[in-house]
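Subject: Structure for you to look at

Hello,

Here is the structure you were expecting, with its sequence. My notes on what turned up in it follow below.

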Amino acid sequence: QVDAVRVYVNSSSENLQYPVLFVVRQQKGVLSWQVPLIFRGLYQRTYNYQEVSRTLCPSEPTPEAGLSEQIIFVDVASMAPFDIAYELLVTRLDNFQLETNKAFNFTASPSQPQYFLYKFPQDVDSVIIKVVSDAVYPCSVVSVQDIVCPVYDLDHNVEFNGVYQSMTKQAAITVQKKDFPGEQFFVVFVIKPEDYACGGSVPSSIRGNGNRTWNLQRTKNLQVTIVPSIKKSVYVQAMFFSFLSFLSFYLGSVIVAFVHYIRVRRKASAGRYSPDDGSGIMTSSHPITASTPEGSSYGAIDESSSSGGRQLSSPERGPQAGSDTDSSVEEESDFDTMPEIESDKNVIRTKVFLYLSDLSRKDRRIVSKKYKIYFWNIITIAVFYALPVIQLVITYQTVVNVTGNQDICYYNFLCAHPLGVLSAFNNILSNVGHMLLGFLFLLIVLRRDILHRRAMEMKDIYTLDYGIPKHFGLFYAMGIALMMEGVLSACYHVCPNYSNFQFDTSFMYMIAGLCMLKLYQTRHPDINASAYSAYASFAVVICLAVLGVVFGKNDMWFWVIFSMIHVLASLALSTQIYYMGRFKIGKCYDLGIFRRAAMVLYTDCIQQCSRPMYMDRMVLLIVGNLVNWSFAIFGLVYRPRDFASYILGIFICNLLLYLAFYIIMKLRSSEKLLPIPLFCIVATAVMWAAALYFFFQNLSSWEETPAESREKNRPCILLGFFDDHDVWHFLSAAALFFSFLVLLTLDDDLDTVRRDKIPVF
């Protein structure tokens, strides 16, 4: 049993010029303080206490010497020219050593801090120190320090040694035996003189009383419980669970591919034509005609208008599909590869009823090469973006480990399992799903790409006019983006805080943007944005996100400028989509620009108000603009601090709106949803619903102070290793994977339909 002694002193003197000095000399250290004891706060405020209680450095009997007496000298002195009364009381602590799994209650104040001893049991390698209090304030600090005298137990020096974190109602610190050679440590509890560090304000009792306060009552009741942490076997189980859960997706993909292969072989042996059942490939070289089903809203135009487009497109098909190699295709520049003059494009692209043949007239090889640039560019972006991020978060983790300041990172401390230098390995491990499923999606796209190339080599040019044009560059880019989201999310969770949250969202912007581009590219392959303009737009968005982190807290001017940019960008993009990129109002130096703009506005918005020329597009764009303007107004009024999530919400809402419009128009055009895309749609909805439930559990929040954030911490819920946010990582990875599969397989039913029968919307 370790003996500890506590010294209590009290003096009625309020003379700060002549304080009473107390010096305690022990065998291994010296401890000193003065009465009145002075604490300093913000703005030169001081807090003076006439009662002070300190625990002396304990003595532990050695096995060789056994029990022995300890001599303690207490020196009391003052330079005052008059007598000063004081009281001194020395008591022995009966409950100085904390026990495992046993709660202990005590009281502390700024001038009467407390600390206790804990020894690791033989079979325990790590423990979690859990501290709770019924009261939010006063703000307190929990510190874990090595067995060194003197113990730093005052507000001005508690941060000098060990690991510490601020606390309001809850705190938790994980301690490993390997960090303490003596297999024991002190748990120190300090009450701060002010609540500023915990998000509080100046105590109401001292407002208006000047900068000097005497004997402010700031007592806090605390309860500490030390429980064993998880064993190494749980780490192994968690890693096996993480990898096996997502490797099962690989097994499922292999089974689906094998079943599809068997079906194709059976139908091929029977001499029957087999449309694509998940591979995007037609297995017969005989062209099959298909007509638009009865009742289609796009069938009201004479077929000659589309056949004309088909005749124009046939001479430019170029070489056979077998020569489709990158080396045989020149780099696409700003020029358009359509042989027709500019006026012909205006005629074709501004028709009331457009078909896919009207917007897939360019050389397939050049367009395919154009979309491959998305893939190579995102790899370059990923490398240049990820390396500085990794270096920065390693620096963050090093600072946390060296300084012991656990207020730097916003973990869920009740479920933060360290491994090596990492403080919360579970939050990093749970991101493995994004990387594994992103790689699996790349393999699925590669398989489709290979099968498509083989099919093209076996077919004549005429069969190229069937189905949605197969360009896989954007799909490859989406797979890389999903993998990089896992990498950067893991980097963010090395030390989650306000400054590096943008790392967790940057590639989410790209994923949402690439999905919208892919959805638009499906039926607009000739007029979709180039990789350079798309990634430049993403760069602008990320720059705005960085500016939002810096200026988005309280600066009204930033929100005014951002809202204007948001609204103007929505209008400009809507104009390009509505007119299929053919909207021309003249050069900027031409004074007639205003007259032509007014004429266009009058013709399309006023004169034809009852019936716009492109009704479906108009409905989509009106709803889309209302949604975006609502976001702009919301940001301008409420100015959310989490600016990165605000921008991500804009992207996701626009993506969901466009996807819903696409599926509705597809069904309205009497097109079918095959079993695989239908299953993926249902799986996507289920996964996103479950993922969002866990996402909104809010286990921590860097929008608040670290102490306030810890009030939201909760224990693990899965395998005793993963918390709610880790489950969000698992489910969101699966949801994104199924979302990508929806885009990949959504139009497989059109592989047997001529492009001059496929409507554009």
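A disulfide is taken here as a pair of cysteine sulfur atoms within 2.5 Å. By this rule the structure has 4 disulfides. Please keep in mind that this is a predicted model.

Disulfide

One of the disulfides joins Cys57 to Cys149, with an S to S distance of 1.4 Å. The link of Cys57 and Cys149 is left-handed, at -80 degrees about the S-S bond. Its two ends come from distant parts of the chain, 92 residues apart. Cys57 sits in the loop between β6 (51–55) and β7 (73–77), and Cys149 in the loop between β12 (140–145) and β13 (163–167).

Backbone

Two cis peptide bonds are worth a look when you go through the loops. One joins Val35 and Pro36, with omega about 0 degrees; Pro36 is in the loop between β3 (30–35) and β4 (37–40). Another runs from Tyr137 to Pro138, with omega near 10 degrees, and Pro138 belongs to the loop between β11 (126–132) and β12.

Positive phi values also came up. Asn698, a residue other than glycine, has a phi near 55 degrees, and its place is the loop between α14 (675–695) and α15 (706–710). Ser670, just after α13, has a positive phi of about 65 degrees.

Helices α9 and α13

Helix α13 covers residues 643–668, which is 26 residues. At 1.5 Å a residue it should span 38 Å, and its end C-alpha atoms are 38 Å apart, so the expected and computed values agree.

Helix α13 packs against helix α9 (residues 531–551) at an angle of about 145 degrees, and the axes of the two are 8 Å apart. On the α9 side the contact is made by Val541, Leu544, Ala545 and Gly548; on the α13 side it is made by Phe643, Ile647 and Phe651. By class, the contact has 6 nonpolar residues, 1 polar and no charged. An α-helix has 3.6 residues a turn, so residues three or four places apart point the same way. That spacing can be followed in the contact residues Val541, Leu544 and Gly548 of α9, and in Phe643, Ile647 and Phe651 of α13.

Second largest pocket

Phe651 turns up again here. The second largest pocket holds about 1,400 Å³ of space. It is lined by 41 residues, and those closest to its centre are Met516, Ala569, Leu573, Ile577 and Phe651. At least two lining residues come from each of α8, α9, α10 (556–578), α12 (615–638) and α13. Helix α10 gives the most, with 10 residues. The lining of this pocket divides into 26 nonpolar, 14 polar and 1 charged residues.

Cavities

How many cavities of 30 Å³ or more does the structure hold? The count is 9. The largest cavity has a volume of about 170 Å³. Its lining is made of 14 residues, with Ile468, Lys470, Phe475, Leu743 and Leu744 nearest the centre. The elements that give two or more residues to this lining are α8 (501–523) and α16 (724–745). By class, the lining of the largest cavity has 6 nonpolar, 2 polar and 6 charged residues. Helix α8 thus appears in both linings, that of the largest cavity and that of the second largest pocket.

Regards

Terms used. Residues numbered from 1 in each chain as written. Predicted model: local features only at pLDDT ≥ 70, side-chain atom pairs only at ≥ 80, totals over all residues. Heavy atoms only, no water. 1 Å grid on protein atoms, 1.4 Å probe; cavity = no way out; pocket = protein on both sides within 12 Å on 5 of 7 lines; lining within 4 Å. Points joined across faces, edges and corners; volume = space filled by probe spheres on them. Helix = DSSP H or I, 4+ residues; strand = E, 2+ residues; numbered from the N terminus. Nonpolar A, V, L, I, M, F, W, Y, C, P; charged D, E, K, R; others polar. Expected span 1.5 Å × (residues − 1). Axes fitted to C-alpha atoms, helices over the stretch in contact; angles between N-to-C directions. Contact = heavy atoms within 4.5 Å.
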